Amino acid sequence: MSELSLTLKKTIPAPVEKVFDAWLDGAMLAKFMMPAAGMTVPKAEADGHEGGRFEIIMAAGDQEIPHSGTYLEVTPHSRIRFTWESPHSIDGSVVTLDFTPAGNKSTEVELTQVKFASEEARDNHKGGWTAILEKLGEVAG
């Protein structure tokens, strides 16, 4: 099932530079990387350049869920690609973020993730990324 992928689009009411930079900044990641209501991010660190790593700890109550990855591509204000390593992902999972100015100081973000263990895993990630993009719109806008 590793050929499974998902693509989401969301318009964020903030300039492309601000939205792009949020994905490379640990303090900002801590504000929006929440895939479900009631979750928190007690730790988020990012070394936001190609070859750099990020680490995000998402917490649901007492349960901590580690996420990390390596930035594969960082093209200022247009694209970020990174590996996605978590207990709920498989080896080789990659997330690509494309940023396009959408007028009125807004940004369209297109998020694509490839490689999932199952359709259920893909659908769960779709829900999580949808919530994360919603939260990004709240904190960046």
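# Asp98, Pro101 and the largest pocket

Tutor: The side chain of aspartate 98 makes a polar contact with the side chain of arginine 79, at 2.7 Å. This is a predicted model, where local features need pLDDT of at least 70, side-chain atom pairs count only at pLDDT 80 or more, and totals for chains, interfaces and linings use all residues. Residues are numbered from 1 along each chain as its sequence is written, and side-chain values use heavy atoms, with hydrogens and water left out.

Student: What makes the pair of aspartate 98 and arginine 79 a polar contact?

Tutor: The term needs a pair of N or O atoms within 3.5 Å; within protein, one must be able to donate a hydrogen and the other to accept it, and residues adjacent in sequence count only if both atoms are side-chain atoms. At 2.7 Å, the pair fits.

Student: Why is aspartate 98 called buried?

Tutor: Buried means under 20% relative accessible area with a 1.4 Å probe, protein chains only. Aspartate 98 has 18%, so it counts as buried.

Student: And why does proline 101 count as exposed?

Tutor: Exposed means over 50% on that scale. Proline 101 comes in at 57%, so exposed it is.

Student: How do you know which class of residue is missing from the lining of the largest pocket?

Tutor: Asp, Glu, Lys and Arg count as charged; Ala, Val, Leu, Ile, Met, Phe, Trp, Tyr, Cys and Pro as nonpolar; the others, Gly among them, as polar. The lining has nine nonpolar, eight polar and no charged residues.
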